[in-house]
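Dear colleague,

I am handing over the structure that I would like you to look at, and it is shown just below. Please have it open while you read the notes that come after it.

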Amino acid sequence: MQILILPLGFILWYLAYEAKPMTNDEATSLWEEENYLKRTKLLNILKESF
């Protein structure tokens, strides 16, 4: 059962993280870079699980 729940949880977490609103300020470029790194790490975890 956990085999099905964990990948589903990661997918829902990724979708919620992707839909997060962005604010426009001076730190936006730094946040975009950090978010990109986090997203790529999460995508790599998802790819390894399938």
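The notes below go from the overall picture to single residues.

Please keep in mind throughout that this is a predicted model. The protein has 50 residues, of which 14% count as buried, and its fold holds two helices and zero strands. Its accessible surface comes to about 4600 Å², and 66% of that surface belongs to carbon and sulfur atoms.

A good place to begin is the aromatic residues, where a search of the whole structure finds one aromatic pair. The pair is formed by the rings of F10 and W13, whose centres are 6.0 Å apart and whose planes stand at 35 degrees, so the pair counts as tilted; the tilted class takes in plane angles that are neither under 30 degrees nor over 60. Both F10 and W13 belong to helix α1, which covers residues 2–18, and they are three residues apart there, or about one turn of the helix. F10 itself counts as partly exposed, because its relative accessibility is 26%.

F10 also leads across to the other helix, since two residues of α2 can be described by their relation to it or to its neighbours in sequence. L43 has its place in helix α2, and although L43 and F10 are 33 residues apart along the chain, their C-alpha atoms are separated by 9.1 Å. With a relative accessibility of 32%, L43 counts as partly exposed.

L46 is likewise found in helix α2, and, leaving aside residues up to four places away in sequence, L46 touches P7, F10 and I11. The C-alpha atoms of L46 and P7 are separated by 6.9 Å, while the two residues are 39 apart along the chain. Is L46 buried or exposed? Its relative accessibility is 10%, and because buried means under 20%, L46 counts as buried.

Another set of contacts involves Y17, which has its place in helix α1. When residues up to four places away in sequence are not counted, Y17 touches N35, K38 and R39. For one of these, K38, the distance to Y17 is 9.7 Å from C-alpha to C-alpha, with the two positions 21 residues apart in sequence terms.

Finally, there is the surface to consider, and here you may ask which residues make the nonpolar surface patch of about 530 Å². The patch is made by L8, I11, L12, L15 and F50; I11 is also one of the residues that L46 touches. F50 is found in the segment after α2, the helix that spans residues 28–49, and F50 counts as exposed because its relative accessibility is 68%, where the cut-off for exposed is over 50%.

With best wishes

Notes. Residues numbered from 1 in each chain as written. Predicted model: local features only at pLDDT ≥ 70, side-chain atom pairs only at ≥ 80, totals over all residues. Heavy atoms only, no water. Patch = residues over 30% accessible without salt bridge, like charges linked within 9 Å, V, L, I, M, F, W, Y side chains within 5 Å. Areas by Shrake-Rupley, 256 points an atom, 1.4 Å probe, with all protein chains shown as cover. Salt bridge = Lys/Arg side-chain N within 4 Å of Asp/Glu carboxyl O. Helix = DSSP H or I, 4+ residues; strand = E, 2+ residues; numbered from the N terminus. Buried < 20%, exposed > 50% of the residue type's maximum accessible area, 1.4 Å probe, protein only. Phe/Tyr/Trp six-rings, centres within 6.5 Å; stacked < 30°, edge-to-face > 60°. Contact = heavy atoms within 4.5 Å.
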